[in-house]
Amino acid sequence: MENNRNVTEFILIGLTRNPRMQKVVCVVFLLLYMVTLSGNLLIVVTTVSSRALSSPMYFFLSHLSLIDTIFSSSSAPKLIVDSLHEKKVISFNGCMAQVYAEHIFGATEIILLTVMAYDRYVAICKPLHYTAIMSCKLCILLVGVAWTGGFLHATIQILFTVWLPFCGPNVIDHFMCDLYPLLKLVCTDTHTLGLFVAANSGFICLLNFLLLTESYVIILQSLKNYSLEGRRKALSTCVSHITVIVLSFVPCMFVYLRPVTILPIDKAVAVFYTMVAPMLNPLIYTLRNAEVKSAIWKLWRRKASSDNR
């Protein structure tokens with residue numbers, strides 16, 4: 001590998017070169033990151049500690065929040081720290097680690113969202129068999145499938161990337177290491193490489209999106225047989241999930257289902273799926289879910305009563 005490259009580190013341009021704006025970036029994204037950590041970890045602690053949230057849906061939700069926490073942590077701390085420095089440097093190994101983290105957690109989340117859609121399909125279309133079908137063993141197996149899929153996707157992606165010939169320059173016009181900005185620095189033709197990225201990253205986004213679309217078409221059709229109250233309750237859960245799906249899949253398909261080109265909007269899209277979406281996910285699931293809000297309130301009361309003793 002050393003014979004194919006003479007680059008040992010990369011220089012990141014960041015979100016802006018304006019020193020004043022960099023301070024604003026530091027404050028804004030530190031706040032975003034703190035809200036993301038607080039919201040997602042609160043979901044994890046609440047679902048683990050509350051007996052009322054023992055259904056498969058909340059088991060999957062706790063894993064989604066855990067993934068969002070780690071996914072955001074793979075890029076946010078580096079962005080915040082770099083905004084305090086004029087020169088933003090990341091080692092070659094650090095850059096590859098960031099690419100790997102982005103893809104393993106991103107792919108795992110996408111597959112997990114498909115698993116959550118299957119859970120809603122069984123709950124709404126086969127309510128009498130829900131407990132028998134969504135057993136503890138199956139839930140653990142489905143989460144294992146999501147993590148395995150993410151691991152395989154990210155490993156294939158990083159093995160393909162780490163052996164590419166980086167001969168210089170080493171300046172990345174981004175705030176983090178991402179595939180397309182890296183491919184621009186490779187000293188070889190990237191047309192075939194771009195097709196591989198689309199086949200790997202783009203395909204996983206598109207396939208899961210099509211599966212999710214088909215699932216929700218079936219779910220929405222089956223709601224015709226429900227009472228008005230049952231339809232309202234089912235739609236409330238589905239709307240939250242569909243919102244999270246849109247937040248996750250639209251950026252994924254926008255970035256990876258296209259040729260190797262760098263667009264001015266790419267940084268904003270990356271900010272959205274690495275920082276904003278992980279922050280919004282717990283808010284979306286809690287604001288529309290009375291059970292989660294009740295469990296959080298009980299957790300706070302339990303904590304307050306224990307502190308007063």
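**Exercise 1. Helix α2**

Task: In this predicted model, state how many of the 18 residues of α2 are buried, and compare the expected span of α2 with the distance between its end C-alpha atoms.

Solution.
Step 1. Helix α2 is mostly covered, with 14 of its 18 residues buried.
Step 2. At 1.5 Å a residue, the 18 residues should span 26 Å.
Step 3. The end C-alpha atoms of α2 are 26 Å apart, so the two values agree.

**Exercise 2. One residue of α2**

Task: Decide whether isoleucine 67 is buried or exposed, and find which residues it touches beyond four places in sequence.

Solution.
Step 1. Isoleucine 67 sits in α2, which covers residues 56–73.
Step 2. A residue counts as buried under 20% relative accessible area. Isoleucine 67 has 0%, so it is buried.
Step 3. With residues up to four places away left out, isoleucine 67 touches Phe105, Thr108, Glu109, Leu112 and Trp147.
Step 4. A C-alpha distance can be set beside the separation in sequence: isoleucine 67 and isoleucine 104 are 37 residues apart along the chain and 9.7 Å apart in space.

**Exercise 3. Helix α4**

Task: Work out whether the end-to-end distance of α4 agrees or disagrees with its expected span, and say how many of its 34 residues are buried.

Solution.
Step 1. Helix α4 covers residues 92–125, and its 34 residues should span 50 Å at 1.5 Å a residue.
Step 2. The end C-alpha atoms are 49 Å apart, which agrees with that span.
Step 3. Of the 34 residues, 27 are buried, so α4 is largely enclosed by the rest of the structure.

**Exercise 4. Two residues of helix α9**

Task: For histidine 241 and serine 248, give the helix, then describe the burial and the contacts of each residue.

Solution.
Step 1. Histidine 241 belongs to helix α9, residues 228–256, and serine 248 is also placed in α9.
Step 2. Histidine 241 has a relative accessible area of 3% and is therefore buried. Serine 248, at 13%, is buried too.
Step 3. Neighbours within four places aside, histidine 241 is in contact with Leu113, Met116, Ala117, Tyr216 and Tyr285.
Step 4. With tyrosine 216, histidine 241 shares a polar contact of 2.3 Å between side chains.
Step 5. Serine 248 touches Glu109 and Leu113, again without counting residues up to four places away.

**Exercise 5. Salt bridges**

Task: State how many salt bridges there are, then describe the pairs of lysine 78, lysine 267 and arginine 258.

Solution.
Step 1. The count is four salt bridges. Side chains of opposite charge can pair when their charged atoms come close.
Step 2. Lysine 78 pairs with aspartate 82, and their closest N and O atoms are 3.3 Å apart. The two residues are four places apart in helix α3 (residues 76–82), so about one helical turn separates them. An α-helix has 3.6 residues a turn, so residues three or four places apart point the same way. Lysine 78 is partly exposed at 22%, while aspartate 82 is buried at 7%.
Step 3. Lysine 267 pairs with aspartate 173, with closest N and O atoms 3.0 Å apart. This pair links distant parts of the chain, 94 residues apart: lysine 267 is in helix α10 (residues 266–287), and aspartate 173 is in the loop between β3 (171–172) and α7 (179–183). Lysine 267 counts as buried at 17% relative accessibility, whereas aspartate 173 counts as partly exposed at 45%.
Step 4. Arginine 258 pairs with aspartate 266, with closest N and O atoms 2.6 Å apart. Both of these residues are buried.

**Exercise 6. A nonpolar surface patch**

Task: Find which residues make the nonpolar surface patch, and which helix gives the largest share.

Solution.
Step 1. Phe151, Leu152, Ile156 and Phe196 make a patch of about 360 Å².
Step 2. The largest share, three residues, comes from helix α6 (residues 136–162).
Step 3. Isoleucine 156 lies in α6. Its relative accessible area is 45%, so isoleucine 156 is partly exposed.

**Exercise 7. A loop residue**

Task: Place tyrosine 226 in the structure and list its contacts beyond four places in sequence.

Solution.
Step 1. Tyrosine 226 is in the loop between α8 (191–222) and α9.
Step 2. At 25% relative accessibility, tyrosine 226 counts as partly exposed.
Step 3. Its contacts, with neighbours within four places left aside, are Ala123, Ile124, Pro127 and Arg231.
Step 4. Tyrosine 226 and isoleucine 124 are 102 residues apart along the chain, and their C-alpha atoms are separated by 9.2 Å.

Notes: Residues are numbered from 1 along each chain as its sequence is written. This is a predicted model: local features need pLDDT of at least 70, side-chain atom pairs count only at pLDDT 80 or more; totals for chains, interfaces and linings use all residues. Side-chain values use heavy atoms; hydrogens and water are left out. Buried means under 20% relative accessible area, exposed over 50%, partly exposed in between (1.4 Å probe, protein chains only). Contact means heavy atoms within 4.5 Å. A polar contact is a pair of N or O atoms within 3.5 Å; within protein, one must be able to donate a hydrogen and the other to accept it, and residues adjacent in sequence count only if both atoms are side-chain atoms. Patches are made of residues with over 30% relative accessible area and no salt bridge: like charges are joined within 9 Å, nonpolar side chains (Val, Leu, Ile, Met, Phe, Trp, Tyr) within 5 Å. Accessible areas come from the Shrake-Rupley method with a 1.4 Å probe; for residues, only the protein chains shown count as cover. A salt bridge is a side-chain nitrogen of Lys or Arg within 4 Å of a carboxyl oxygen of Asp or Glu. The expected span of a helix is 1.5 Å times one less than its number of residues.
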